[in-house]
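Here is a short report for a first look. Keep the sequence and the structure side by side as you read.

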Amino acid sequence: MRTLRFLLRKEFLQIRRDPAIMRMLVAMPLVQLLLLGNAATFEIRSSRMYVVDEDHSPTSRGLVTRMAASGRFEIADASPSMALANRALLDRDVSSILRVPHDFEADLVRVGAAPVQLVFNAEDGAAAGIRRTYATRIIAAYAAEVGEELRPTIATATGAPMRGAARIDVRARGWFNPELDYQAYMVPGILVLLVTMVATALGSMNIVREKELGTLEQLNVTPVTRAEFIASKLIPFWLIGLGVLAFGLTIARLAFNIPMRGSLALVFLAALIYLLVALGIGLWISTIVETQQQAMFVTFAINMVYMLMSGLFTPILSMPRWAQWIAQLSPVKHFIVLMRAVLVKGAGFSAVQLPLAVLAVYAAVVLTLAVRQYSKRTA
Amino acid sequence: MSAMGGFVVKEFHHILRDRQTLLILLLLPLAQVLLFGFALRTDIRGVRLVVVDPAPDASTLELRGRFAATGLFRIVGVEATPAALAPRFQAGSADQAVVFEPGFGEKLAHEGRAQLLVITDATDPNTGSAMQAYAAAVVQRYEQEIGARGGRQGVRIVPEVRMRFNPTLESANLFVPGLIALVLTIVSALMSAISLSREKERGTLEVLLVSPLKPWEIIAGKVLPYLVLGFANVLTVLGAAWFVFRVPFRGSVLLLLGESLLFIVTCLSLGVVIAAVTSSQRTAMIGALMGLMMPTTVLGGMIFPIESMPGWLQPLTNAVPGKWFILISRGIMLKGVGLAELWQETLILAGMMVVLLVAAVKTFRIRLG
């Protein structure tokens with residue numbers, strides 16, 4: 001225990017002496033959290049639309065007005081030429097085209113159905129998909145409204161049921177996040193990822209650095225045990241990581257107003273275990289590799305898997321099956337699931353038992369591996 | 001110039017000597033583009049659906065069958081009351097629930113209207129609203145069908161949607177250009193940052209600085225071998241995009257290669273600047289990795305549309321080199337446009353490169369003084 005205390009003091013002194021590391025550890029995650037938390041959203045406020053109205057009827061003009069009034073689309077330009085519209089789309093002057101063909105109103109009155117054409121720039125497919133949803137929703141709402149004016153006999157028949165007419169009233173509820181607020185969903189995940197990236201990088205560079213500088217050999221000839229050595233490397237960053245996480249959660253609450261429905265104590269219990277895993281994986285890498293350069297590339301590779309395969313940005317359900325298995329292996333995935341469940345859904349201990357158990361097993365395995373891998377011999 | 005030549009040869013030797021690292025540098029970008037190119041998808045499938053059906057009848061069974069038949073939904077449980085839903089949603093074992101009112105079929109047949117509650121786990125707003133739309137579409141189709149059986153006509157405006165440049169919204173077309181930008185940014189910046197900061201840490205950089213080589217020659221000599229390596233990476237990842245993911249290359253491949261070269265030089269210079277302003281390998285690497293990975297992914301427009309970001313944040317995304325390369329590569333690959341349309345983006349990228357190179361050389365001068 002006494003040895004560990006001395007080793008810890010040495011580690012803390014080293015961290016204090018390198019202000020660049022402390023800055024990176026604390027400032028980088030928090031600044032990025034503030035920036036990226038605002039950026040990670042799929043809600044498009046307003047986008048430019050080109051209108052080609054070939055009908056020039058009150059109904060077609062009403063549709064265009066409705067598009068503009070929705071706030072989702074800004075009518076950037078209008079002309080009867082589809083060629084001009086396509087050119088504007090190609091030059092990225094507009095992101096969508098609405099074309100209302102001839103006889104739009106007449107068809108609606110006569111047949112009760114008429115087409116309109118919507119063209120989107122799907123270069124950025126995500127944005128195009130969102131715009132399509134907005135536009136089709138606005139059109140459907142408009143159709144329901146003009147239906148009453150254009151074909152009153154059918155539309156007013158809702159009170160007394162017509163023969164054969166059947167309506168299913170679908171009431172939709174979005175649980176846990178009814179306002180569809182992206183920040184509630186993204187911010188906890190981004191925070192976890194940022195803390196994990198720093199923790200993994202610091203852990204993986206730590207021992208191999210002493211290897212490269214030659215100070216590891218000096219430590220090897222002292223009576224320090226392997227477990228003590230790993231513990232001395234682990235504990236300082238563990239405490240700092242917890243501090244950053246706590247600070248980040250405070251920012252998440254104050255700046256992003258994310259919900260905290262469940263118990264914060266549960267979140268921190270999980271964080272205690274989780275940070276052991278993240279740092280442990282870093283230290284394990286550090287005991288395996290020979291140079292800091294190698295450590296960095298392994299860290300880079302692992303962090304990419306963490307970032308892109310933990311269900312943070314794209315849903316795990318959409319991945320091919322083999323990729324879902326890789327996602328299961330990512331400790332980040334389990335911690336993000338847990339954070340979202342507790343903070344956003346208000347889950348209690350029993351609901352998050354599984355991810356918690358997975359993390360605990362992970363911690364035990366990774367730390368054992370790190371201690372065993374670190375042999376006190378020189379390579 | 002012969003001193004310069006010798007220096008470049010020395011740098012090549014450094015890289016070639018370390019076979020293991022060389023192999024990593026050549027294979028890692030390819031492996032990552034392959035792995036994440038397959039894994040990053042946004043199409044929603046296998047929605048785990050719970051049905052709450054207090055009194056099953058012909059209509060509810062038929063509608064349940066409709067949900068299962070779409071292939072999008074997987075019915076994971078049938079309950080009699082909604083009470084069991086909350087724990088299931090909290091534990092994350094269900095994504096959506098359809099709650100029928102008691103006597104659903106009866107009401108539909110006699111009163112002409114019945115109620116249906118669709119509950120969606122909207123923790124993820126994007127997936128949540130998509131699932132909601134899918135469920136609504138299933139119900140609507142069913143509604144129209146039974147309406148048609150009764151001879152009812154509706155008033156409908158039918159949107160004909162065309163997705164220009166990526167008609168099927170294929171996930172690979174969506175993510176692969178961005179993924180290439182991300183991987184190239186980080187690998188290039190890391191490579192040059194490491195090679196310079198290592199010499200700095202070992203003290204060999206001082207030796208180089210007192211040599212007759214000019215600062216720009218040192219930087220050029222350091223960057224040149226990695227430019228070759230980086231270009232090899234461009235070839236492998238673009239090859240993967242073409243052969244494996246079948247991303248269309250509608251524009252000029254030559255132009256794309258040229259733009260890639262420009263982009264790599266920009267990122268290599270970025271690495272040099274990072275190495276110049278940090279004091280150790282460790283800070284340089286963590287700085288390069290931490291400073292580039294998440295910002296390039298989130299602010300570069302690879303996943304989240306830049307138009308969806310708040311107004312004050314959008315100008316900041318202009319500082320991300322990856323953003324411009326994504327615009328260029330999507331333009332060439334998907335839209336088939338040329339330099340006539342992309343000169344602005346190209347100019348910005350070139351400007352970035354010049355600024356970064358000047359900054360890199362300047363920082364070295366300061367050290368000399």
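## A parallel strand pair

A:V51 has A:A78 as its bridge partner in β2(A). This link belongs to a pairing in a predicted model. Strand β1 (residues 47-53) of chain A runs parallel to strand β2 (residues 73-78) of chain A, and five bridges join them.

Is β1(A) mostly covered or mostly open? The strand is mostly covered, with five of its seven residues buried. In a regular strand, side chains alternate between the two faces of the sheet.

## Chain A as a whole

Chain A holds 15 helices and five strands. Its C-alpha atoms fill a box of roughly 95 × 50 × 40 Å along the principal axes. The radius of gyration of chain A is 29 Å, whereas a compact globule of 379 residues would come near 21 Å.

Of the 379 residues in chain A, 48% are buried. Contacts in chain A often span long stretches of sequence: among those between residues at least 6 apart, 78% join residues at least 24 apart.

## An enclosed helix

Helix α12 (residues 292-309) of chain A has 18 residues. From its first C-alpha to its last it reaches 25 Å, close to the 26 Å expected at 1.5 Å a residue.

Why is α12(A) largely enclosed by the rest of the structure? The reason is that 15 of its 18 residues are buried, each with 20 or more other C-beta atoms within 10 Å of its own. Just after α12(A) comes A:G311, with a positive phi of about 80°.

## Positive phi outside glycine

Most residues other than glycine have a negative phi. Two residues of chain A go the other way. A:R92 is not a glycine, yet its phi is positive, at about 65°. A:R92 sits in the loop between α4 (82-90) and β3 (96-100) of chain A. It counts as partly exposed because it has 16 C-beta neighbours inside 10 Å, between the limits of 12 for exposed and 20 for buried.

A:N257 is not a glycine either, and its phi is positive at about 55°. Its place is the loop between α10 (226-256) and α11 (264-288) of chain A. Is A:N257 buried or exposed? A:N257 counts as exposed, because it has 12 C-beta neighbours inside 10 Å and the limit for exposed is 12 or fewer.

## Where the chains meet

How many residues of chain A are in contact with chain B? There are 105, and they touch 100 residues of chain B. Helix α6 (residues 125-150) of chain A gives the most to this side of chain A, with 14 residues. By class, the side has 68 nonpolar, 22 polar and 15 charged residues.

## Chain B and confidence

The model scores ipTM 0.82 and pTM 0.84. Chain B has a mean pLDDT of 85, and 95% of its residues reach 70 or more. Which element of chain B has the lowest mean pLDDT? That is strand β5 (residues 156-164) of chain B, at 73. Helix α10 (residues 253-277) of chain B has the highest, at 92. Where pLDDT is low, the predicted coordinates should not be read in detail.

B:L261 lies in helix α10 of chain B. It counts as partly exposed because 14 C-beta neighbours lie inside 10 Å, between the limits of 12 and 20. B:L261 and B:I326 are 65 residues apart in sequence. In space they are 14 Å apart, C-alpha to C-alpha.

Definitions and conventions. Residues are numbered from 1 along each chain as its sequence is written. Chains are lettered from A and ligands numbered from 1 in the order in which they are written. Two residues are in contact if their C-beta atoms, placed from the backbone, lie within 7 Å. Helices (H or I, at least four residues) and strands (E, at least two) are DSSP runs, numbered from the N terminus. Ala, Val, Leu, Ile, Met, Phe, Trp, Tyr, Cys and Pro count as nonpolar, Asp, Glu, Lys and Arg as charged, and the others, Gly among them, as polar. pLDDT is the predictor's confidence in each residue, from 0 to 100. The radius of gyration is taken over C-alpha atoms; the globule rule is 2.2 Å times the number of residues to the power 0.38. The expected span of a helix is 1.5 Å times one less than its number of residues. Two strands pair if DSSP finds at least two bridges between them.
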